[in-house]
Amino acid sequence: MSVDPVPSFYLYGEPQRSVAEGFVHVESLDDRSRPSEWTIRPHVHRDLHHIILIARGGGAMQAEAHEFRFEAPCLLLVPAGIVHGFTWHRESSGHVTTIAAAYLRHLVARDADLAPLFAHPHAVMLPQAERDAAEAAIARMAQELGWSGPGQRAAVESALLHLMVLALRHAALTQQAQPGTARQAALVARLRERIERRFRQREPVSEHARALGVSLTALRHACARVAGTSPAQMLDDRALLEARRLLLYSQMSVAEIAYATGFEDPAYFSRFFARHIGQPPRVWRAARDG
C-alpha cells in the first residue's frame, strides 16, 4: 500500500517528473517564497537535494518531526526524500540550489568526503566573511546555467563543489567522516535505496543481503563501519520515519498507519513505535497536535 501524506514535487509547486542525471538548478529565494507569503508548506522531493543560502534574514525549517531555527548567513541542507517546509522572516533573501540525487552520487563516488553533507537535514552557520563567497559561487552557477558556452558543465560543477566544500568545512562534518571503504559505502548506499523501495514489505535482513549479492556478515559489517548502525536498525528507522510522517501529516488512524507501513498487527506496531520513540503513537501524535 502506497500512501502520500504530503505533496511530492519536482521543484516546489511543479508536478513530479523524472530528473535528469546531471540536473542543477538555481533560483532566488524570492521566486516561490514571496508569492506564498514567506511560507513554504511541507512537501518532499523524491530525487532532488537542496542547498539553500540564507544571505539575509532568517526563519525556521521543519524537516520531518524536527524544527531548525536559523539566522543569516547560513546554508540549509535538505536531502532528497525528506519532508520539509519553511517559514521565512519577511524580506529574507538568498538562493536555492537544487541538484539531482544521481549527480550527488557521482560527486561522492569521486570524493567520499562529501558523503556526510546530505546524511540528514541541517543548518550550517556561516561566518559573515563567507557569505560573499557563497553568493559568488551561486552567482557563477546561475550565470553558467543561463547559457551553453564551452566548458559550461565544468564551470557549473566547479562552483557547486566550492559551495559544498564551504558547507562541509563549516559544519565540521569531517569529524563524522565515514570510516568504511569505498566498496562498503557503495554497498550501504545500495541497501538504503533498496530499503526505500521495499521497507513496507518488512523483509528480513537476510533477504536484503541475498538481493544485494553479499553475505549477511558482510552487510552487517559494512553498515557498522559506514552508518554506525545495523541493517535491522536501518529498516526499523525507515518504518518509523514513515509512521511519524503519517501521524503528523495525515488523518489516518493508528491501525491504518500500521498496515501502511507493513505491519500486520496494529497492536504490535504500537508496541514497536513506543519501544523506539518512547511514547505510543496516539500519545506522540496528540503531543504534536497540541
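This short talk describes the fold, the nonpolar cores and a few individual residues of one protein chain.

Good morning, colleagues. The structure before you is a predicted model, and everything I say should be heard with that in mind.

I shall begin with the chain as a whole. The protein chain contains 11 helices and 9 strands. Its radius of gyration is 20 Å, close to the 19 Å that the globule rule gives for 290 residues, so the chain is as compact as a globular protein of that length. The C-alpha trace spans about 55 × 45 × 35 Å along its principal axes. Of the 290 residues, 43% count as buried. If we take the contacts between residues at least 6 apart in sequence, 72% of them join residues at least 24 apart.

Turning to the surface, the accessible area of the chain comes to about 14300 Å², and carbon and sulfur atoms account for 51% of it. The chain carries 33 positive and 30 negative charges, and the mean positions of the two sets lie 6 Å apart.

Let me now move to the interior. The largest nonpolar core comprises 31 residues. Those with the most contacts inside this core are Ile 51, Leu 75, Leu 117, Met 141, Leu 160 and Met 164. Which elements each supply at least two residues of the core? They are strands S1 (24-28), S3 (48-56), S6 (74-78) and S8 (93-100), together with helices H2 (101-110), H3 (128-145) and H4 (152-170). The largest share, 8 residues, comes from H4.

Ile 51 serves as an example from this core. Leaving aside residues up to four places away in sequence, Ile 51 touches, among others, Leu 75, Leu 76 and Leu 77. Its contacts also include His 95, Val 96 and Thr 97, as well as Leu 160, Leu 163 and Met 164. Apart from the largest core lies another, of 15 residues, among them Leu 240, Val 254, Ile 257 and Phe 273.

I should next like to consider two histidines. His 84 lies in strand S7, residues 84-88. Is His 84 buried or exposed? Its relative accessibility is 1%, and the cut-off for a buried residue is under 20%, so His 84 counts as buried. Not counting residues up to four places away in sequence, its contacts include the histidines His 43, His 45 and His 50, and also Arg 41, Pro 42 and Gln 62. His 84 and Gln 62 are 22 residues apart in sequence, and their C-alpha atoms are 5.3 Å apart.

His 66, in strand S5 (residues 66-71), is exposed, with a relative accessible area of 52%. His 66 and Ser 158 are 92 residues apart in sequence and 32 Å apart in space, C-alpha to C-alpha.

Finally, some points on backbone geometry. Most residues other than glycine have a negative phi, and most peptide bonds are trans. Against that background, three places in the model deserve mention. The peptide bond from Ala 72 to Pro 73 is cis, with omega near -5°, and Pro 73 lies in the loop between S5 and S6. Glu 91, in the loop between S7 and S8, has a positive phi, near 70°. Arg 202 also has a positive phi, of about 50°, although it is not a glycine. Arg 202 is found in the loop between helix H5 (182-198) and helix H6 (205-212), and at 30% relative accessibility it counts as partly exposed.

Thank you for your attention.

Methods:
Residues numbered from 1 in each chain as written. Predicted model: local features only at pLDDT ≥ 70, side-chain atom pairs only at ≥ 80, totals over all residues. Heavy atoms only, no water. Helix = DSSP H or I, 4+ residues; strand = E, 2+ residues; numbered from the N terminus. Rg over C-alpha atoms; globule rule 2.2 N^0.38 Å. Buried < 20%, exposed > 50% of the residue type's maximum accessible area, 1.4 Å probe, protein only. Contact = heavy atoms within 4.5 Å. Areas by Shrake-Rupley, 256 points an atom, 1.4 Å probe, with all protein chains shown as cover. Lys, Arg positive; Asp, Glu negative; His and termini not counted. Charge placed at Lys NZ, Arg CZ, Asp CG, Glu CD. Core = buried A, V, L, I, M, F, W, Y, C linked by side-chain atoms within 4.5 Å.
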